[in-house]
Amino acid sequence: AQRRGRSHFGSRPLQPRASQLPSQHPASESAPESACADMSMTLQKRLAAEIKKCGRGRIWLDPNEANEISMANSRFNIRKLIKD
């Protein structure tokens, strides 16, 4: 079985991912606590998904409890929040 055309890997020039590009969002410079909250919320979401044995997309974090959720930085604390 021969393939026609270019291989899948060589068809496009390499470009940096959006996550590797410098941030163009002005709010990230003026409000560093919001960026920190987003970073810590990804940790909580990942830990909750591992505890519940499901995907990250299935985890919903209540925006009203964002402050309390962002303070939870261990599996034990996440388990306590899930129980509540």
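Is E50 buried, exposed or partly exposed? E50 is partly exposed, with a relative accessible area of 36%. The views below come from a predicted model.

**View 1. The whole protein is built from four helices and zero strands.** Along the sequence, the pattern reads α-α-α-α. The protein has 84 residues, and 15% of them count as buried. Its accessible surface comes to about 7,800 Å². Carbon and sulfur atoms hold 52% of that surface. Take the contacts between residues at least 6 apart in sequence: 57% of them join residues at least 24 apart.

**View 2. R46 and E50 meet through their side chains in a salt bridge.** The N to O distance is 3.1 Å. Both residues belong to helix 2. They sit four residues apart there, so about one helical turn separates them. R46 is partly exposed, at a relative accessible area of 32%. That value falls between the 20% limit for buried and the 50% limit for exposed.

**View 3. R75 and E50 form a salt bridge between helix 4 and helix 2.** Here the N to O distance is 2.8 Å. R75 lies in helix 4 and E50 in helix 2, so the pair ties together parts that are 25 residues apart in sequence. R75 counts as partly exposed, at 37% relative accessibility.

**View 4. R46, E50 and R75 are linked in a network of salt bridges.** The structure holds two salt bridges. E50 takes part in the one with R46 and in the one with R75. The R46 pair lies within helix 2. The R75 pair joins helix 4 to helix 2.

**View 5. The largest pocket holds about 270 Å³ of space.** Its lining is made up of 14 residues. Which of them lie nearest the centre of the pocket? They are W60, L61, I69, L81 and I82. Three helices each supply at least two residues of the lining: helix 2 (32-52), helix 3 (66-71) and helix 4 (75-83).

**View 6. The lining of the largest pocket has nonpolar, polar and charged residues.** How many of each class are there? Eight are nonpolar, one is polar and five are charged. Among the nonpolar residues of the lining are W60, L61, I69, L81 and I82, those nearest the pocket centre.

How values were computed:
Residues are numbered from 1 along each chain as its sequence is written. This is a predicted model: local features need pLDDT of at least 70, side-chain atom pairs count only at pLDDT 80 or more; totals for chains, interfaces and linings use all residues. Side-chain values use heavy atoms; hydrogens and water are left out. On a 1 Å grid over the protein atoms alone, a cavity is a set of points where a 1.4 Å probe fits but cannot get out, and a pocket is an open set with protein on both sides within 12 Å along at least five of seven lines; lining residues have an atom within 4 Å of a point. Grid points are joined across faces, edges and corners, and a volume is the space filled by probe spheres set on the points. Buried means under 20% relative accessible area, exposed over 50%, partly exposed in between (1.4 Å probe, protein chains only). Contact means heavy atoms within 4.5 Å. Accessible areas come from the Shrake-Rupley method with a 1.4 Å probe; for residues, only the protein chains shown count as cover. A salt bridge is a side-chain nitrogen of Lys or Arg within 4 Å of a carboxyl oxygen of Asp or Glu.
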